Amino acid sequence: MLAALALFMAAGPQARSADLPSLWAARVKCVVAVEYTVETESERRSMFDYGTVVDSNGTIILPSGSVEANLPPEQLKDFKIYLPGEPAVWHGTYLGQDAFTGWHFIRAEEKLRPRLVPVTAFAARGAAPVPAIGEEVWGIGLRTKEEDFLPYLLKSELALIQSLPERTGTALQEVSGPGLPVFNRDGVLVGLALESGSQQFVEYTQMNRGGETVLLVDVEESSLFELADEALPNLGRIPASISGRPLAWLGADGLEPMDRDVANFLNLSGQSGAVVSEVLGDSPAEKAGMKGHDIIIAIDGRPLPRFRPDRVVADYIEKEIRRRRPGDLMKLTVLRGPDRIQLSAQLKDAPKLVREARREYFDGLGFTAREFVYGDAIARRLKPGGRPGVVVHFVKPNSPAAIAGLQPDDWIREIDGAPVATFAAAVEKLRAIGADPLRTECVLLVSHGGDTAVLRLKLR
Amino acid sequence: MKPAILNLFRSRSILALAILLPATARKADAAVSRGLNQLFDSVVCIDVREVNYEEGSRRFEASIGSGVVLSEDGLILTNAHVASPKAVEINVTLANLEHVGAKLVGWDHWTDLALLRLDMDDVRRRGLKFSHAEFGDSSKLYTGETVFAVGTPYGLKRTVTRGIISNTSRYFEDDRGVDGYETGAFNTWLQTDAAINPGNSGGPLVTEDGRVVGITSRAYLGANNLGFAIPANVARQMVSGLVRDGSITRSYIGIVPSPLQDLEKFYSLALDTGMLIASVDPGSPAARAGLQGGDILLAVNHRAVDARFPEQIPAIQNFIASQPVGSAVTLTVKDGLATRDLSVVTERLESSVGEDCVLDAWGLSVRKVSRAYARENELADDSGVLVIGVRPGYPADVAGLQSGDIITRINRQPLGTLDVIKGIHAAYSSKPNPILVEAQRDRRVALYIIKP
């Protein structure tokens, strides 16, 4: 009893300022719930996420995994914003995903903005405090839509800080809703809870090479948070366009970490390295002279730091690339056999992504075709550039395409015996087939994996 | 799509499942022919012990099959999945129940046939007697004809079952059908309803006069009497090749065929013309000549081909395979509306399964990456070895290697042959120093350290 009292006294000045109910009332204004619709060819799904307000213009960030990767932005619709505990629906606009942080940005409608408080209002002036192990941290959870996203208190103590490669705090138990802020006892911002950060943690600690990822935690709450000093400088990274471009790209694929034994064998003790599995065609890495099986050991002359676990080094290199801009020079030191080689790569804007590929749904046939992009050539081990054809993106169940055996990711080489020259030509042809009432069949030559198959779509 | 699971019939454990029947004497319905009686004396039981490297260590496995003696000098025909080059000990039980040793003469997994030779010195020394069988003409068989399957199912000596020919040309190709090796691409099979059980494998399927018309090799497990045999006319040809060379040499061009049924109109072809090329192995002679999936093969060396139905494919494959290795073959190909002749120089056909070995000190079983394996898996080249097993807790396992990894370099040295890795392993065994291993899984390259 005495000891506890003594401690309390020692923490006196802070304790006085820590009036949790009033801190709570102010800080709950910087969080919102977000609902949006994913509209695909066959269905509409409602998705829910939590967002943190980052400025006075009504800008809200959602964590990186909150939107399925590879979804084209035009399939994301009807962004709605809810204030904690209120049933009223407000509207939002999707601004895109930031390449570096992975955050998705949305902007609240004007009328809502006066009611929002940016999280920066609770940030420390100067350097953000880094909580100590054992220090109390708290955050905000939000209930479901059915319960008007009622806010509730989550509180815990810091257990561990790691670099993954972001500086990441692990609390003893769930400390905030994924994507929502974490505060210290004084109500000062100390981090942003990671969504699927909890999954990330499990992934890093439980996944062996090639092993399965196990999800052991409640995704509605998170016990992991990115430290504020690392997150705060990025809050202003509002994407210039909905596509999230420019995306700096090196083209060194399949970065594999090395364990301590390998590093020591290669005289890399105290640092780390990553094997480049493949150098992609026409990429900055290829132009710089990088070869498959090279081992990256330093960026801009700085040896790669050692991470625990080792595999974080791959994410570290990815981040180093994404923090740069197309046109920037990136100096890389690689180990090739016994030699250390200095390379200088000029980063480029990444080639068109699958989510940016043009696509069109053919209702009568029952499938969506999309443009053949760079990644499709890589996946099929083809030289990039000049590859005609279209790729099947979606097949409607029980449609003529599905019955004929067409599958997503099939590469359509020929339509009715004629080679597919361009996406536009394929679309024109497929549209004409779908619109022709006298048509009884359509024959597609497709490649799936290494095999080629002739599929007959029975129409009508 | 592969056909449903086909189970190879070699019994690994003998089930003593005897049902007692009342032993009342009965007169035979019909006399057994002299030929059939003589045939019975040529059917043998084959016990094989073979070595297996798959778990990162050396293991021995025992199995039982059947066989038929073909000649006075002790040649025995059986299945490739009964006796393979991995056999370390082969023991034959003659029809008179005497045991005698045998050695493998030759092996061909594509037709699932193997040829053994009895230890004739021992046979002569002990004055052992056996009969030998004669081949019949399997092309003369008709559906519904009575046949007998003779063999030693579950090790039960001289078991005869009777049935009919259910189908004379059954097609199935299996990439892993004979202990992981490819089979069935170059021949069709006889189908019979004579009861075939594990251990019947390698035994003869005979007509009423006792002539061998097929070699029993497989059946659907759990089905009622759906058994399959290699036709005698295929077997006869293989026997002469195996006696001469110990193996069968075939040509390869790298096309994957497919039937044309229902597609003739689309390709503007007359019925019963051509074969669809479903895909072309990357880097193969056909690929280098510019053939592509979706092309139609009209003729080989100006001989028209017709694969409207799947059953017709093996004969075409066999015709290509029987061309001399390294010879130029003219393929007439229809690609869109144009028809052109292409010249393709054949290569020697290889299995995708390379040679195995075990590296005991590392607890690592590896298999040479064959050219065929490298093409199937789109590897840059065929250097390297495939990990087929790791022994738990041994250095390879501790390092993180797993089955399916392809080791491309050790201590920065490329692995052209199995001897390279065996040499490094031998050096390690006498003086263990850490070894740097570069391995590839899917398309990812990673480094590992094997250390004591």
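## Exercises on contacts, cores and domains

**Exercise 1.** In this predicted model, find the residues with which Ile296(A) is in contact, leaving aside its neighbours within four places in sequence.

*Solution.* Take two residues as in contact if their C-beta atoms, placed from the backbone, lie within 7 Å. With the sequence neighbours within four places set aside, the partners of Ile296(A) are Gly273(A), Ala274(A), Val276(A), Leu304(A), Ile317(A), Leu332(A) and Val334(A). Next, place Ile296(A) in its core: the largest nonpolar core has 68 residues, and Ile296(A) belongs to those with the most contacts inside it, together with Val366(B), Leu401(B), Ile407(B), Val437(B) and Tyr448(B). The element that gives the most to this core is S30(B), with six residues. Finally, a second, separate core of 59 residues includes Leu39(B), Leu141(B), Ile196(B) and Val239(B).

**Exercise 2.** Describe the side of chain B that touches chain A, by its elements and by its residue classes.

*Solution.* Begin with the counts: 24 residues of chain B are in contact with 26 residues of chain A. On the chain B side, strands S18 (275-280), S29 (435-441) and S30 (444-450) each supply at least two residues, and S30(B) gives the most, with six. Sorted by class, this side of chain B holds 11 nonpolar, six polar and seven charged residues.

**Exercise 3.** Work out how domain 1 and domain 3 of chain B are placed and how they touch.

*Solution.* The domain assignment gives domain 1 as 1-16 + 29-248, domain 2 as 251-348 and domain 3 as 353-450. Taken over C-alpha atoms, the centres of domains 1 and 3 of chain B are separated by 36 Å. Eight residues of domain 1 are nevertheless in contact with 14 residues of domain 3, and the domain 1 side divides into two nonpolar, three polar and three charged residues.

Key. Residues numbered from 1 in each chain as written. Chains lettered and ligands numbered in written order. Predicted model: local features only at pLDDT ≥ 70, side-chain atom pairs only at ≥ 80, totals over all residues. Helix = DSSP H or I, 4+ residues; strand = E, 2+ residues; numbered from the N terminus. Nonpolar A, V, L, I, M, F, W, Y, C, P; charged D, E, K, R; others polar. Core = buried A, V, L, I, M, F, W, Y, C linked by C-beta atoms within 7 Å. Buried ≥ 20, exposed ≤ 12 C-beta atoms within 10 Å, placed from the backbone. Domains from an automatic or database assignment.
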